[in-house]
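Colleague: I have a new model open and could use some help finding my way around. Could you walk me through how to read its features?

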Amino acid sequence: MEYKFHPEKKATIVTAPFSGGQPKGGVELGPQYMLDAGFDKQLEALGWETELSEPLKDTHFEEAKTNDKDAFGVKNATLVAESGRLIHEAVYSALENKRMPVTIGGDHSLGTATVAAALRHNPDTCVLWIDAHADINSPKTTESGNLHGCPMSFVMGIDTESYPPQFSWVPQTLKPNKIAYIGLRDVDAGEKEILKKYNIPAFSMYHVDKYGIGKVVEMALDAVNPNRDCPVHMSYDIDAIDPSVVAATGTRVEGGLSLREGLFVAEEVAASGLLSSVDIVELNPLLAATPAELHNTVSAACAIGRCALGQTLL
């Protein structure tokens, strides 16, 4: 399979073991579980040269985590912003060195960093956000204060007056017509208003049921990349897949993508040849009730990455 923006098939696995964007411990263990399952070797078997980047190594963000809201109504703003800057530089460095950054988390607050890095490298980048949740709350609209629900508002510059000063480094460069959602099924009232106000392409499970996953991926790409010439950043929250398959994640919502539908999304984006960077987030090994749940969730996370980097059924 050909990758227009990575013809040499070199990848950098960026580990983001961070849980400060949400209250549940364990999601910081996700990267290590994927690596222990042989994720790097799986990508190498697909013909990719891999290297490991660990921007959060020897940091102490986890120890400083709290569940208290600050004056801006959010939690752990300093931790999310500072860890994000490190992840941002690692992703940007990989892209500048003509390597595919595959960022494995960690919670989805890292999306601020990865999307910002992709846009810094190439302003024409479009974003596919695969998730049960829209993650586009601002500090003004968030009810929980959990910053894993806010990454896209920071990159888009929504409700900027509500931002904690720690996020002043984030470039507000993502345009509403350059992001599309797939798999939504748990969207806050404030987020619904934002999606409508900015006319952001959003495909919920209703659309998947009505049109089928193949048509939905096509419509999403048509919306953000109509000429099929711009790089794609795919940010994939594993909770997009139904919790009957992917149980070890923090915000489970019934009625999600089947495993095959979930893998098809990654396969189809890969088949476009336009994938430039990818995130795989929200694997929380501590939330598995049984060894089988843990195995199935880790396996699904790794399979998403393999499909994104060219694994096919035939």
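**A helix and what surrounds it**

Modeller: Start with what packs over helix α9: its buried residues are covered by elements including β4 (126–130), β5 (179–184), α8 (213–224), β7 (232–237), β8 (275–281) and α10 (291–308). Keep in mind that this is a predicted model.

Colleague: Which residues of α9 are buried?

Modeller: The general idea comes from helix geometry: there are 3.6 residues a turn, so residues three or four places apart point the same way. In this case, the buried residues are Gly-262, Leu-263, Val-265, Ala-266, Glu-267, Val-269 and Ala-270.

Colleague: How many residues does α9 have, and what does it reach from its first C-alpha to its last?

Modeller: Helix α9 runs over residues 259–271, which makes 13 residues, and reaches 18 Å, close to the 18 Å expected at 1.5 Å a residue. After the helix comes Gly-273, with a positive phi near 75 degrees.

Colleague: Now the annotations. Which residues does the UniProt "binding site" cover?

Modeller: The unreviewed UniProt entry gives that label to His-108, Asp-131, His-133, Asp-135, Asp-237 and Asp-239. The trick is to compare sequence with space: these residues span 132 residues in sequence, yet no two of their C-alpha atoms are more than 12.4 Å apart, so they gather at one spot. The lining of the largest pocket takes in His-108, Asp-131, His-133, Asp-135, Asp-237 and Asp-239.

Colleague: Let's take one of them. Is Asp-131 buried or exposed?

Modeller: Look at relative accessibility, where buried means under 20%. Asp-131 has 0%, so it counts as buried. You'll find Asp-131 in the loop between β4 and α5 (151–156).

Colleague: What does the side chain of Asp-131 reach?

Modeller: It reaches the backbone nitrogen of His-133, at 2.8 Å. Leaving aside neighbours within four places in sequence, Asp-131 is in contact with His-108, Ile-182, Gly-183, Leu-184, Asp-237, Asp-239 and Ala-240.

Colleague: And where is Asp-135 found?

Modeller: Asp-135 is also in the loop between β4 and α5, and it is buried, with a relative accessible area of 5%. Once neighbours within four places in sequence are set aside, its contacts include His-108, Trp-129, His-148 and Glu-191.

Colleague: On to the nonpolar packing. Which residues of the largest nonpolar core touch the most other members?

Modeller: For a core, look for the residues with many partners inside it. This one has 53 residues, and Phe-39, Leu-128, Ile-130, Met-234, Tyr-236, Ile-280 and Leu-309 touch the most other members. Its largest share, eight residues, comes from α10. Apart from it lies another core, of 45 residues, among them Val-74, Ala-81, Val-91 and Leu-119.

Colleague: What is Leu-128 in contact with?

Modeller: Beyond four places in sequence, its partners include Ala-180, Leu-221, Met-234 and Val-269. Val-269 is one of the buried residues of α9.

Colleague: Where does Ala-300 lie?

Modeller: Ala-300 lies in helix α10 and is buried, with a relative accessible area of 4%. Not counting residues up to four places away in sequence, Ala-300 touches Val-246 and Leu-259.

Colleague: One last stop: what does Gln-42 touch?

Modeller: Not counting residues up to four places away in sequence, Gln-42 touches Ala-37, Cys-302 and Arg-306. Gln-42 sits in helix α2 (residues 39–45), and its side chain reaches the backbone oxygen of Ala-37 at 3.1 Å.

How values were computed
Residues are numbered from 1 along each chain as its sequence is written. This is a predicted model: local features need pLDDT of at least 70, side-chain atom pairs count only at pLDDT 80 or more; totals for chains, interfaces and linings use all residues. Side-chain values use heavy atoms; hydrogens and water are left out. Helices (H or I, at least four residues) and strands (E, at least two) are DSSP runs, numbered from the N terminus. The expected span of a helix is 1.5 Å times one less than its number of residues. Buried means under 20% relative accessible area, exposed over 50%, partly exposed in between (1.4 Å probe, protein chains only). Contact means heavy atoms within 4.5 Å. UniProt positions are given in the numbering used here, feature names are shortened, and annotations may be inferred rather than shown by experiment. On a 1 Å grid over the protein atoms alone, a cavity is a set of points where a 1.4 Å probe fits but cannot get out, and a pocket is an open set with protein on both sides within 12 Å along at least five of seven lines; lining residues have an atom within 4 Å of a point. A polar contact is a pair of N or O atoms within 3.5 Å; within protein, one must be able to donate a hydrogen and the other to accept it, and residues adjacent in sequence count only if both atoms are side-chain atoms. A nonpolar core is a set of buried Ala, Val, Leu, Ile, Met, Phe, Trp, Tyr and Cys residues joined through side-chain atoms within 4.5 Å.
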